[in-house]
Amino acid sequence: MILSLLLSLPVALLTVSGAAVFAHRHPGRSRGIYSATLVLSTVALCVVLIHWLGGHTPATLTLPIGLPWLGAHFRLDALAAFFLVVVNLGGAVASLFALGYGQHEPAPERVLPFFPAFLAGMNLVLLADDAFIFLFAWEFMSLSSWALVLAHHREVANVRAGYLYLVMACFGTLALLLSFGLLAGPQGGYDFATMRAAQLTPGLAALTLVLALLGAGSKAGLVPLHVWLPLAHPAAPSHVSALMSGVMTKVAVYGFIRIVFDLLGEPMAWWWGGLVLSLGGVSAVLGVLYALMQHDLKRLLAYHTVENIGIIFIGLGLALAFQANQMYASAALALTAALFHVLNHSLFKSLLFLGTGAVLTATGERDMERLGGLIHPMPWTALAFLIGAAAISALPPLNGFVSEWLTFQAILLTPELPQWMLKFLAPAVGALLALSAALAAACFVKAFGITFLGRPRSPAAAQARETDRYSLAALFILAALCLLAGILPGLVVDGLAPIVGLLNGGAHLTAQHGQPWLTLAPVAEVKSSYNGLLVLLFMALSGSLAVLLIHRLASDVARRGPAWDCGFPESSPMTQYTAGSFAQPIRRVFGSVVFQAREQVTMPPPGDARAARLEVQLQDPVWDLGYAPITAAVIAVSTRFNVLQYLTIRRYLSLVFGALVLLLLGMVLWR
Amino acid sequence: MALITDYLVQGGQMLLILLLAPLLTGWVRAIKARLLRRRGPSLLQPYRDLLKLLRKDVVLAESASWLFRVAPYLIFAAIWVAAALVPTFASGLLFNWTADLIAIVALLGTARFFLALAGLDVGTSFGGIGASREMMIASLAEPAMLMMVFTLSLLAGTTQLSTVAHFMLTAEVGLRVSLALALLALMMVAIAENARIPVDNPATHLELTMVHEAMVLEYSGRHLALIELAAALKLLLYLSLLGCIFAPWGMATAGAGLMAYLFGVAAYLAKLALGGFLLALFETSVAKMRVFRVDQFLGAALMLGLLGALLLFVSRSL
């Protein structure tokens, strides 16, 4: 019943897509399409939430479509339900935002048909219960989002982004296909129930893990498979960027969890956890360092997705390491942290991308060096963006802090692990996590401060206007959810308990709702506890006390005057700190090692009136070491074989003959 | 009845730190002046400064936004709450479990986040230089601090400060390498976070060396008073933290009675006086370093913290 209801949703979304294709001349089509996706996503969200509150019994359904001998299997369990909530919440909010934002789209016929299809694809991946439907939906999701990336295909950078995305998506699906093949075994049991029951040898299981990591990791943006993500996510229209970064990467995380935690069963070796953990740690730090070097606001956010995916995988890696040693209570904490961060990241990353969309509509710019001072014309957008920035920087009392706090608590349980390698790895990953949290704060001071604060650096920024009501509503819904998840973390942890139990042999964290004052105490109160609600309350109390006392007893006059700036205020806004100059100290400290950053100052000789120049060169270690050699090799080989295009018919025939002879010879020798 | 006493003690601690913070700043300044063979201002000068600032009008820059006016209150509130959560004269107070050490570090991060934003708000070059350098310093100091937290919690089995203090007071901790490393890391972080010499100079107004002062350059009147008070509270917080973790002697336990509390307060005051004296002594005996030496200083703190944690991962007895 519930499943057929949920399955009718992708069908309805595809119908909307079809309608968008045929209604491409209708003036009100954009409003209509986004209203439809808004309603459908909200309905799906409500259905899943009601199902969740009503006891979340798993539901299954088999339809006679798909592969003839297999049929199509669908299933809704706690894990799928959680991710359905994430996807449809993101979908609903992005649609609401697009009700206003979509009016400014220069080429709506390139966005409207694909947007509902993209949502349908993501929903279908989560409901799939056999490999065929899963991969079909996965590829559908990839291709529809690829079409959205190419919505503005006249820009050269977008074409390159689309090409790279397509190559990486194909690679990822191939890896997933192979991992499902290993899971299905020689008998070809392609439905998930058979895979779950099958037992793999340790070698094959490890191979499946690596393939799943490659497949899901390339979609999620795990270093070193992230190269396409910061190019492709910003290329799409902002509400689609929000979906791709905030939601589609979560579908990829779902794919990894489904294969590794559910289908593979118990991890068979401790190094599984170690591998995932170290990839997560490297992604977290490299992602934020890349982000700090950017001055394109959307690309900065996309690199932050890499960082946050790293944090999620740190949690998952810890869970695998604990499970491999039968420490299910600790694994429950690590899994809860990872899933909590999945929810959090979908909230604040969508918020930040939508906020960037609002800036983009108001100014037409996403280069921070040409923005500034937007807090004056756009106070509400600025407030919402500020909440998102504080949340992603893991600042209490917002939600980002809670999941990072839980991850830290899980790391603190690692000395109990018996393996030496893990014992050494865990504190190092803890240091990386701490470093990435601190750098993220620096990065968002830069992103918010340069974009919204200071004085406008271009006429476009000076003439900005506040965004429309729909967009503001979408922004504030997300901001409110960020705050709520931050001050009532116990409710979220309790909501995650069934999923953690499902993936963790029944063990989950103790119920938090019985704690006094809604405190979060994952292990025990004497060990560690955090109460976001009280922190907020105390801050509000002491802040208002200060306001009250000062305005009652002391001066409350405020005069306006020119800025002081040590006595030498400079009137030109170009003398302000820019994104590049803000990041310069960090570039000098970290970038000289990681990116081989070089700065060159060219000063004209005295008396020469030319401007001085500062040139900064950065090198991308992942691209230079990993991708550049592969690209070079492919190009070298194809150049070699290029001559094959220009042969005479005589030569082609002899080649065919030679190939035939060789094949026959091979057959003979094989026999 | 017991609950009311608990509330009173908790409220008393919040008030105590608020009142003590300017005195501590005055004390450090006085000692520094004496060491430099100056007479120096009286111990009460910071209070007088604050009162004077409170009575003055605020002059806002023309390009200042609402964030600039809200930030001082937010910064003050975050630091006051963080400081109130560190056990000072007694452990196990009513609200100690609200946030553990990690959350206290993060609360200080919240305050810093808004201070750096306020520095960027007016759109002057000095605000930017301060904000950018502050975030660079924080990006190394915060992980170093968290590594110190790791070391502690591995040893005491908890990140709850009250429990840590209790553990240090009662268990046979003894002299440990890892604790020594953690102590060193925490002291280095405390110097950097409080903008003291050699990382920053709290008394400087020489343009290119400012970090903290550059961020608050545009503030005046009551806003500046709040920020100065918050800075004093932060110094008090770090000294309390050092005292609570590494020298918890004399600290009263929850519900120990009036005499124990009074003794706790006396011990706490003695610890602060000693800490302030040592800080002043250290500050007068070193020179300020270049901004781009700070990363080596704090990188060393981070490595010390990590080393301390690693030693404990290897063996619980180190």
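**The interface between chain B and chain A**

Good morning. I begin with a single pair: the side chains of B:D57 and A:R559 form a salt bridge, with 3.9 Å from N to O; the term means a side-chain nitrogen of Lys or Arg within 4 Å of a carboxyl oxygen of Asp or Glu. The count between chain B and chain A is one salt bridge.

This is a predicted model, in which local features need pLDDT of at least 70 and side-chain atom pairs count only at pLDDT 80 or more, while totals for chains, interfaces and linings use all residues. Residues are numbered from 1 along each chain as its sequence is written, chains are lettered from A and ligands numbered from 1 in the order in which they are written, and side-chain values use heavy atoms, with hydrogens and water left out.

Let me turn to the whole interface. In contact (heavy atoms within 4.5 Å) are 80 residues of chain B and 86 residues of chain A. Together the two chains bury about 7200 Å², 72% of it on carbon and sulfur atoms; buried area is the accessible area (1.4 Å probe) that two parts lose on being put together, summed over both. Of the area that chain B buries against chain A, B:W97, B:F113 and B:F313 supply 10%, more than any other three residues.

Finally, the strands. Strand β3 of chain A, residues 558-561, and β1(B) pair in the parallel sense over four bridges. Strands (E, at least two residues) are DSSP runs, numbered from the N terminus, and two of them pair if DSSP finds at least two bridges between them. Within β1(B), B:L60 is the bridge partner of A:R560. Thank you.
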